[in-house]
Amino acid sequence: MSKALLIAKNLSHKFDYLLYKNVSLSINTSQSIAVMGRSGSGKSTLLHTLAGLIEPLEGSVEMLGYDLYNISESQKELLRREKTGIVFQQHYLFKGMSGRGNVEIASMLAKQNIDESIFKFLQIEKVIDQKVSKLSGGQQQRVSLARVLSKRPKLIFADEPTGNLDVESSKLVMEVLLDYVAKNRAGLLIVTHDIDIAKRCDRVYYLKEHRLIKGD
Ligand SMILES: Nc1ncnc2c1ncn2[C@@H]1O[C@H](COP(=O)(O)OP(=O)(O)OP(=O)(O)O)[C@@H](O)[C@H]1O
Ligand SMILES: [Mg+2]
């Protein structure tokens, strides 16, 4: 039986205007979920809230049994560092360092060893020792994914991880993510504008008219 890794209830958020309200969803073990929606609808904000980075205006997030916004900052930090992996829409790699250096830091912080095969799977093994500033956008995106996976997270939050990639590389990234989720009984939430990517997930949701609607 699958178990919930994350349970979000009645989330709402607004900045200058209402983004969404009454958003509830859960992510089970080995489950992948895609979130689609117009630019500015609040997908990144929602992803950040589910990952523990932006406190919701209303609602709760239970992550791996912890009430995420009612635990201490240090407990939350530990969960973030050791149990979750976030692929940011603007990936935050250290540009002056090599790709490998970036991956090493993340794996060290999460107390994990690097699985070198990930570089080959993502087809970045030839460029991983180059400085990040010399890599193309798509290569940086894949380094960023390698960095996240090397932490061996239980939950992955990926914000448009294929945004800079060609069709073939996008497929590859999706295969790596889904394979990781299946093998590690992890959970994945991916934000994407690409319907073909979304369809490969177990569930597709749309953030539309301030609600999260389940697709068919
Ligand atoms: N920290 C912030 N302060 C004020 N407004 C913000 C902040 N973060 C996001 N917003 C606003 O909230 C809205 C939703 O932003 P968000 O990044 O969640 O959208 P999105 O659905 O991810 O869009 P995209 O598809 O373009 O990435 C936008 O209008 C944005 O300007
Ligand atoms: Mg976004």
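This briefing walks through a ligand site, a sheet, a helix pair and a few unusual backbone angles. The model is predicted, so keep that in mind as you explore the structure above. Helix H1 is a good place to begin, since helix H1 gives the most residues to the shell around ligand 1 and also packs on the six-stranded sheet.

**Around ligand 1**

- Eleven names are worth finding here: Phe15, Leu19, Gly37, Ser39, Gly40, Ser41, Gly42, Lys43, Ser44, Thr45 and Gln89 surround ligand 1.
- By type, this shell holds two nonpolar residues, eight polar ones and one charged one.
- Helix H1, which covers residues 43-50, supplies three residues of the shell.

**Helix H1**

- Is helix H1 largely enclosed by the rest of the structure or open? Eight of its eight residues are buried, so H1 is largely enclosed.
- The buried residues are Lys43, Ser44, Thr45, Leu46, Leu47, His48, Thr49 and Leu50.
- Lys43, Ser44 and Thr45 therefore appear twice in this story: they are buried residues of H1, where a residue counts as buried if 20 or more other C-beta atoms lie within 10 Å of its own, and they also belong to the surroundings of ligand 1.
- Just after H1 comes glycine 52, with a positive phi of about 95°.

**The six-stranded sheet**

- Follow the strands across the open sheet and you meet them in the order E6-E7-E8-E3-E9-E10, with mixed pairing.
- At the edges are strand E6 (84-87) and strand E10 (211-214), each of which pairs on one side only.
- On average, neighbouring strands of this sheet are turned by 20° against each other, ignoring direction.
- Strands of a sheet pair through backbone hydrogen bonds, and the pairing can be parallel or antiparallel.
- For the parallel sense, look at strand E7 (residues 155-159) and strand E8 (residues 187-191), which pair over five bridges.
- Which residue of E8 is the bridge partner of phenylalanine 157? The partner is leucine 189.
- H1 packs on this sheet, where it touches strand E3 (32-37), E7, E8 and strand E9 (203-208).
- The direction of H1 makes about 160° with that of E8.
- For the antiparallel sense, turn to E9 and E10, which pair over four bridges.
- Within this pair, leucine 207 stands opposite leucine 212 of E10.

**Two helices side by side**

- Helix H5 (residues 137-149) packs with helix H6 (residues 167-184) at an angle of about 5°, and their axes are 12 Å apart.
- That angle makes H5 roughly parallel to H6, because angles under 35 degrees count as roughly parallel.
- H5 makes the contact with Gly138, Arg142, Leu145 and Leu149, while H6 uses Ser169, Val173, Val176 and Tyr180.
- Sorted by type, the residues of this contact are five nonpolar, two polar and one charged.

**Positive phi angles to look for**

- Most residues other than glycine have a negative phi.
- Arginine 152 is not a glycine, yet has a positive phi of about 55°; you will find arginine 152 in the loop between H5 and E7.
- With 18 C-beta neighbours inside 10 Å, arginine 152 counts as partly exposed.
- Glutamate 160, also not a glycine, has a positive phi of about 45° and is found in the loop between E7 and H6.
- Is glutamate 160 buried or exposed? With 21 other C-beta atoms within 10 Å, glutamate 160 is buried.
- Glutamate 209 takes a positive phi near 50° in the hairpin of E9 and E10, which has two residues between the strands.

Methods:
Residues are numbered from 1 along each chain as its sequence is written. Chains are lettered from A and ligands numbered from 1 in the order in which they are written. This is a predicted model: local features need pLDDT of at least 70, side-chain atom pairs count only at pLDDT 80 or more; totals for chains, interfaces and linings use all residues. A residue is near a molecule or strand if its C-beta atom, placed from the backbone, lies within 6 Å of it. Ala, Val, Leu, Ile, Met, Phe, Trp, Tyr, Cys and Pro count as nonpolar, Asp, Glu, Lys and Arg as charged, and the others, Gly among them, as polar. A residue is buried if 20 or more other C-beta atoms lie within 10 Å of its own, exposed if 12 or fewer, and partly exposed in between; C-beta atoms are placed from the backbone. Two strands pair if DSSP finds at least two bridges between them. Axes are lines fitted to C-alpha atoms, for helices over the stretch in contact, and angles run from 0 to 180 degrees between N-to-C directions. Two residues are in contact if their C-beta atoms, placed from the backbone, lie within 7 Å. Angles under 35 degrees count as roughly parallel, over 145 as roughly antiparallel, 65 to 115 as roughly perpendicular and the rest as oblique.
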